[in-house]
Amino acid sequence: MFVIYALPIGLLLGFLLGGRPAGLAAIKFRWTWLAVAGFVTQVILFSAPVSERIGAAGPSLYVASTSMVLAAVIANIRIPGMVLVAVGAALNLTAIVANGGYMPASAAAVAAIGRGDIVTYSNSAVIPSPVLEPLTDVIALPTWLPFTNIISVGDLLIGAGIALVIIVAMRSARNNSMLGAG
């Protein structure tokens with residue numbers, strides 16, 4: 001859910017820096033279908049009716065769907081800002097794989113946002129001594145934010161990369177219109 005914040009931040013900064021929304025239409029994403037398939041798989045996987053019944057297949061499905069999204073991001077690495085998205089996604093996937101198909105969440109961070117124990121398969125799990133702990137979900141967002149959650153350094157990089165993609169695209173539309181105005 002943290003990525004939701006990157007969109008308005010990128011748009012706001014894009015406007016403040018003189019960008020134009022038309023630049024967003026000029027972005028040419030490759031393998032969009034793969035990213036959408038990965039995200040849809042995760043939405044289904046973490047919905048209550050499915051997560052309650054998924055059992056041992058959950059971690060493998062999560063790794064596979066996250067890998068699909070990362071592959072689509074890498075296919076678009078030429079787009080300015082996507083390198084940050086790719087690095088963040090790779091860090092998250094590394095932490096997930098190293099911890100058996102779960103993104104460990106710090107018990108302190110879970111408590112800070114007022115969440116109880118995770119009882120169904122979820123992308124997060126409180127693990128006492130996670131592997132690669134600095135890459136896991138250890139950052140609690142403020143509880144006053146809508147959709148508050150626990151995030152990782154990878155999530156921060158993904159968000160920054162998405163905002164940068166938006167800003168650069170909006171600014172390039174401005175620059176292209178200025179070039180054509182002469």
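Visitor: Which program's runs delimit the helices and strands, and from which terminus are they numbered?
Guide: In this predicted model, a helix is a run of H or I with at least four residues, and a strand is a run of E with at least two. Both are DSSP runs, numbered from the N terminus.

Visitor: In which loop does L132 lie?
Guide: L132 has a phi near 55 degrees, a positive value in a residue other than glycine. With a relative accessible area of 37%, L132 falls between the limits of 20% and 50% and is therefore partly exposed. Its place in the chain is the loop between β2 and β3.

Visitor: What is the order of the elements from the N terminus on?
Guide: The protein chain contains 8 helices and 4 strands. Its C-alpha atoms fill a box of roughly 60 × 35 × 30 Å along the principal axes. Read from the N terminus, the order is α-α-α-α-α-α-β-α-β-β-β-α.

Visitor: What percentage of the residues of the protein chain count as buried?
Guide: The accessible surface of the protein chain is about 9,700 Å², and 71% of this area belongs to carbon and sulfur atoms. The limit for a buried residue is a relative accessible area under 20%. Among the 182 residues, the share that counts as buried is 40%.

Visitor: What span should α5 have at 1.5 Å a residue?
Guide: Helix α5 covers residues 57-75 and has 19 residues. The expected span is 1.5 Å times one less than the number of residues. The end C-alpha atoms of α5 lie at a distance that agrees with the expectation, because both values are 27 Å.

Visitor: Which elements are included in the cover of the buried residues of α5?
Guide: The buried residues of α5 include G58, P59, Y62, S65 and T66. Further along the helix, V69, L70, A72, V73 and A75 are also buried. The cover of these buried residues includes α3, α6 and β1.

Visitor: Which residue with a positive phi follows α6?
Guide: Helix α6, residues 82-98, reaches 24 Å from its first C-alpha to its last, close to the 24 Å expected. Its buried residues include M82, V85, A86, A89, N92, L93 and I96. An α-helix has 3.6 residues a turn, so residues three or four places apart point the same way. After α6 comes a residue with phi near 70 degrees, namely G100.

Visitor: Which helix supplies the largest share of the largest nonpolar core?
Guide: That core has 17 residues, and the members touching the most others are V73, M82, V85 and I162. At least two of its residues come from each of α5, α6 and α8. The largest share, 6 residues, is that of α8.

Visitor: Which residues does I162 touch, not counting those up to four places away in sequence?
Guide: I162 is one of the residues that touch the most other members of the largest nonpolar core. In soluble globular proteins, nonpolar side chains tend to be buried together. With residues up to four places away set aside, I162 touches V3, A6, L7 and V85.

Visitor: Is I9 buried, partly exposed or exposed?
Guide: I9 is in helix α1 and belongs to a nonpolar surface patch with L12, L13, L16 and L17. Together these residues have about 480 Å² of accessible area. The relative accessibility of I9 is 46%, which lies between 20% and 50%, so I9 counts as partly exposed.

Visitor: Which side chains meet in a salt bridge?
Guide: A search of the whole structure finds 1 salt bridge. Both of its residues are exposed, and the N to O distance is 4.0 Å. The side chains that meet are those of R53 and E52.

Visitor: How far apart are the C-alpha atoms of S172 and A26?
Guide: S172 lies in helix α8 and counts as partly exposed because its relative accessibility is 30%. Along the chain, S172 and A26 are 146 residues apart. Their C-alpha atoms are separated by 9.3 Å.

Visitor: Is S124 buried or exposed?
Guide: S124 is found in strand β2, 27 residues from I151 in sequence and 10.0 Å from it in space, C-alpha to C-alpha. The relative accessibility of S124 is 12%, which is under 20%, so S124 counts as buried.

Definitions and conventions
Residues numbered from 1 in each chain as written. Predicted model: local features only at pLDDT ≥ 70, side-chain atom pairs only at ≥ 80, totals over all residues. Heavy atoms only, no water. Buried < 20%, exposed > 50% of the residue type's maximum accessible area, 1.4 Å probe, protein only. Core = buried A, V, L, I, M, F, W, Y, C linked by side-chain atoms within 4.5 Å. Contact = heavy atoms within 4.5 Å. Patch = residues over 30% accessible without salt bridge, like charges linked within 9 Å, V, L, I, M, F, W, Y side chains within 5 Å. Areas by Shrake-Rupley, 256 points an atom, 1.4 Å probe, with all protein chains shown as cover.
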